[in-house]
Amino acid sequence: AVVSTQSTGDAWKGKLLAAKKTALVQGGIRKLHYEFTENEEMAEDYDMKTGEILVRKWKKASTIGRKSDWEYEIGCPPLSASATSDLMWESSSSPKVYRQDTKTHYTWRIQPLPYPLSNYKISVENNTIIVRTENKKYFKKLRIEDMDRFELPLIVKYVNCAHANSTLMISYEKPKPVLQLEQAIYSELCKVKPIQDGDMDSCKQQ
């Protein structure tokens, strides 16, 4: 059976609205914490001026019931999480990947990748963005969880890439239905009363 974009988007919106939510406003950032019935948690940070999402991370229960560490879907884990992590991050030369969306695009930064732009081959396979290099020094699969949730296909013509300062930047243009859904969801999330005073008006018409 074919699932329509509208019904799939409504399922994600309904999941968020049905969750137990806590909001906090801090330094111009609107922080939301969700508790779902599936024994999983999600946290999101939004820039209150632009409405852009800065962080989305998940904490899910394992098979033995213990919660995992935060897994970042959007944003970069803080380097100060632990001294060990800091040392590993700084000493490792393997490229790091993190997603950093804008209002109109899903975007990733991969660094360090010193090769020139002409060395990269970008394709879409099995609804996944594939990054390869001509010199076969790097290979990466990038999934857009949002598009999976909405059951929307990835189309290669909407993928763009750029390279500067040893950083490869990949972006995918958000389809119009996704833009409309994200605005509707953000408007609803702004109705969640924060546990401390904040500027609620900044949520209007982002």
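**Entry 1: arginine 56 and glutamate 73**

I began with arginine 56, which counts as buried at 6% relative accessibility. The model I consulted is a predicted one. I then looked for the partner of this side chain and found a salt bridge with glutamate 73, at 2.9 Å from N to O. Arginine 56 belongs to strand E4 (residues 53–60) and glutamate 73 to strand E5 (residues 71–74), so their pairing ties together parts that lie 17 residues apart in sequence. I also looked up the accessibility of glutamate 73, and it is buried, with a relative accessible area of 9%.

**Entry 2: lysine 174 and glutamate 182**

I turned next to another pair. Lysine 174 and glutamate 182 form a salt bridge, and their closest N and O atoms are 2.9 Å apart. Is lysine 174 buried or exposed? I noted 5% relative accessibility for lysine 174, which therefore counts as buried, since the limit for buried is under 20%. Glutamate 182, with a relative accessible area of 24%, is partly exposed.

**Entry 3: glutamate 188 and lysine 191**

I recorded a further salt bridge between the side chains of glutamate 188 and lysine 191, at 3.1 Å from N to O. Lysine 191 is exposed, its relative accessible area being 61%. For glutamate 188 I found a relative accessible area of 28%, and this residue is partly exposed.

I then asked which residues are joined into one network by salt bridges that share partners. The network consists of Glu44, Arg56, Glu73, Arg99, Asp101, Glu145, Asp146 and Arg149. Both residues of my opening pair, Arg56 and Glu73, are in this list.

**Entry 4: the total**

How many salt bridges does the count come to? I noted 16 salt bridges. Side chains of opposite charge can pair when their charged atoms come close.

**Entry 5: lysine 31**

I closed with lysine 31, which I located in strand E2 (residues 29–35). Lysine 31 counts as partly exposed, at 27% relative accessibility. I looked up its contacts, leaving aside neighbours within four places in sequence, and listed Thr22, Ala23, Leu24, Gln26, Glu44 and Asp45. Glu44, one of these contacts, is also a member of the salt-bridge network noted above.

I examined aspartate 45 in more detail. Its side chain makes a polar contact with the side chain of lysine 31, at 3.2 Å. The two residues are 14 residues apart along the chain, and their C-alpha atoms are separated by 4.5 Å.

Methods. Residues numbered from 1 in each chain as written. Predicted model: local features only at pLDDT ≥ 70, side-chain atom pairs only at ≥ 80, totals over all residues. Heavy atoms only, no water. Salt bridge = Lys/Arg side-chain N within 4 Å of Asp/Glu carboxyl O. Helix = DSSP H or I, 4+ residues; strand = E, 2+ residues; numbered from the N terminus. Buried < 20%, exposed > 50% of the residue type's maximum accessible area, 1.4 Å probe, protein only. Contact = heavy atoms within 4.5 Å. Polar contact = N/O pair within 3.5 Å; in protein donor to acceptor, adjacent residues only side chain to side chain.
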